[in-house]
Amino acid sequence: MLLGFKTELKLNNQQRTAFAKHCGVARHAWNWGLCLTKQILDHNKVNPDSKIKFPSAIDLHKWLVALVKSEHDWYYEVSKSTPQQALMALRESWKRCFNKTAGVPKFKKKGQRDSFTLEGTVKILSNNKIQVPVIGVLKTYERLPQVKPKSVTISRQANRWFISFRLETEVQESPHSDVVGVDLGVKTLATLSTGEVVVGAKSYKKYESKLSRMQWLNRHKIIGSANWKKAQVQIARLHRKIANIRKDTLHKLTTLLAKNHGTVVIEDLNVSGMLANHKLAKAISDMSFFEFRRQLTYKCELYGSKLVVVDRWFPSSKTCSNCGTKKETLTLKERVFECGHCGFVIDRDLNAAINLRKIAS
């Protein structure tokens with residue numbers, strides 16, 4: 001199976017300038033292609049009898065070379081694959097929009113999620129050196145896997161740059177055959193049917209006051225000034241720290257579940273519906289339930305274990321794990337489950353995790 005590899009780059013000022021140019025060209029090509037495709041869709045909506053064929057990525061690139069590239073000399077200062085890959089990404093974004101799996105593509109803004117893709121002569125020269133087109137040899141802090149990537153994506157987070165590519169990995173066979181149920185929650189990130197409780201990082205809650213203070217101090221700075229830019233970098237670095245703490249907790253938990261159990265059972269949570277509850281939306285977002293399921297899905301495939309997703313309407317919390325009797329009502333503030341039929345008393349989340357394990361067994 002294919003896995004992504006991402007690591008930080010060790011750069012000089014010349015390379016940072018080259019990266020900024022590539023990001024600018026990729027952003028310009030994306031915005032130009034998005035404006036053109038939106039005009040075509042608007043024309044087809046107004047004139048249903050004389051519709052224009054929606055362009056492919058190749059068509060967009062041909063028009064870009066003929067109409068745009070000749071008028072802007074700075075297009076020739078970067079790799080030719082940068083605008084090509086940006087237009088291919090735009091076409092895939094429209095494809096997801098037409099299939100109703102994503103929303104309408106949005107215009108990109110300078111300084112927000114800057115990234116570009118390079119394709120062509122990409123070689124890993126040694127343990128920490130990689131050669132890319134136009135820019136040349138790049139150094140990394142981490143040892144690189146000795147593979148032959150076809151393309152690489154370079155992205156920026158705050159004031160740091162990262163390189164990522166895909167590599168092929170062999171799927172392992174799991175020596176375990178046991179079943180574990182996992183109940184996700186807001187108070188604790190996960191409760192296992194074995195009785196283990198994993199407390200969430202709650203990184204946003206920890207740094208919320210500091211982040212609010214930094215943003216408050218930045219409110220009157222002149223946009224584009226040196227002090228404004230410094231403050232923007234500090235805020236972005238704190239956002240990156242919050243995200244990294246959350247990702248670290250999720251990676252450790254999902255790896256532990258996938259490597260040490262034969263079958264992992266979770267619920268099919270309606271995360272978007274849960275986020276509609278404004279009283280719990282912040283806490284749910286801080287736990288990152290969707291990212292937990294995404295990581296667990298590919299790690300179970302990698303380590304040879306099985307992932308079972310139980311239907312979201314299964315009453316795991318309301319059902320007694322001892323006798324199987326279902327309670328009619330169970331409020332969210334009731335953290336201890338008490339069965340009215342057999343008198344069994346157990347923690348609410350542990351009860352749900354045991355029921356999830358039983359339904360898969």
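**Sheets, a covering helix and aromatic pairs in a predicted model**

F54 counts as buried, since its relative accessibility is 16% and the limit for a buried residue is under 20%. This value, like the others reported here, comes from a predicted model. F54 is a suitable place to begin an account of the aromatic residues, which is followed by the two sheets and the helices that lie across one of them.

A search of the whole structure finds 7 aromatic pairs. One of them is formed by F54 and W94, whose rings meet edge-to-face, with 5.9 Å from centre to centre and 75° between the planes. Because F54 lies in the loop between helix 1 (13–46) and helix 2 (57–69), whereas W94 belongs to helix 3 (residues 81–98), this pair ties together parts that are 40 residues apart in sequence. W94 is buried, with a relative accessible area of 3%. The ring of W94 also pairs with that of F98, and because the centres are 5.6 Å apart and the planes stand at 25°, this second pair is stacked. Both W94 and F98 lie in helix 3, where they are 4 residues apart, or about one turn of the helix. F98, at 42% relative accessibility, counts as partly exposed. Elsewhere, F19, F116 and W161 form one aromatic cluster.

Residue W161 leads to the sheet of 7 strands, since W161 in strand 7 is the bridge partner of R156. Strand 6 (residues 151–157) and strand 7 (residues 160–168) are paired in the antiparallel sense through 5 bridges. The sheet as a whole is open, with antiparallel pairing and the strand order 2-6-7-1-5-4-3. Its edges are strand 2 (115–119) and strand 3 (123–126), each of which has a single partner strand, so that one side of each is left without a neighbour in the sheet. On average, and with direction ignored, neighbouring strands of this sheet are turned by 40° against each other.

A further open sheet consists of 5 strands in the order 10-9-8-11-12, and its pairing is mixed. Strand 10 (197–198) and strand 12 are the edge strands here, each pairing on one side only. Strand 11 (residues 263–267) has 5 of its 5 residues buried, and it is therefore largely enclosed by the rest of the structure. From strand 11, T263, V265 and E267 point one way while V264 and I266 point the other way, and all are buried. Strand 11 runs parallel to strand 8 (residues 179–184), to which it is joined by 3 bridges; within this pairing, V179 has T263 as its bridge partner. With strand 12 (residues 306–310), strand 11 is again paired in the parallel sense, over 5 bridges. In this second pairing I266 is matched with V309, and E267 stands opposite V310.

Two helices lie across strands of this sheet. Helix 8 (residues 289–303) lies across strand 8, strand 11 and strand 12, and it runs at about 155° to strand 11. Helix 9 lies across strand 8, strand 9, strand 11 and strand 12, running at about 140° to strand 8. For the 13 residues of helix 9 (residues 348–360), a rise of 1.5 Å a residue leads to an expected span of 18 Å, and the end C-alpha atoms are 19 Å apart, which agrees. At the N-terminal end, helix 9 is capped by D347, a side-chain oxygen of which lies 3.1 Å from the backbone nitrogen of D349. D349 is itself among the buried residues of helix 9, which are R348, D349, N351, A352, A353, I354, N355 and L356. The elements that cover these buried residues include strand 8, strand 9 (190–192), strand 11, strand 12, strand 13 (336–338) and strand 14 (345–347).

A loop residue, S316, brings strand 11 and helix 9 together in this description. S316 is found in the loop between strand 12 and strand 13, and at 2% relative accessibility S316 counts as buried. When residues up to four places away in sequence are not counted, S316 touches E267, N351, A352, N355 and L356. Of these contacts, E267 is one of the buried residues of strand 11, while N351, A352, N355 and L356 are among the buried residues of helix 9.

Key:
Residues are numbered from 1 along each chain as its sequence is written. This is a predicted model: local features need pLDDT of at least 70, side-chain atom pairs count only at pLDDT 80 or more; totals for chains, interfaces and linings use all residues. Side-chain values use heavy atoms; hydrogens and water are left out. Buried means under 20% relative accessible area, exposed over 50%, partly exposed in between (1.4 Å probe, protein chains only). Two strands pair if DSSP finds at least two bridges between them. Axes are lines fitted to C-alpha atoms, for helices over the stretch in contact, and angles run from 0 to 180 degrees between N-to-C directions. The expected span of a helix is 1.5 Å times one less than its number of residues. Contact means heavy atoms within 4.5 Å. A polar contact is a pair of N or O atoms within 3.5 Å; within protein, one must be able to donate a hydrogen and the other to accept it, and residues adjacent in sequence count only if both atoms are side-chain atoms. Rings of Phe, Tyr and Trp (its six-membered ring) pair if their centres lie within 6.5 Å; planes under 30 degrees apart count as stacked, over 60 as edge-to-face and the rest as tilted.
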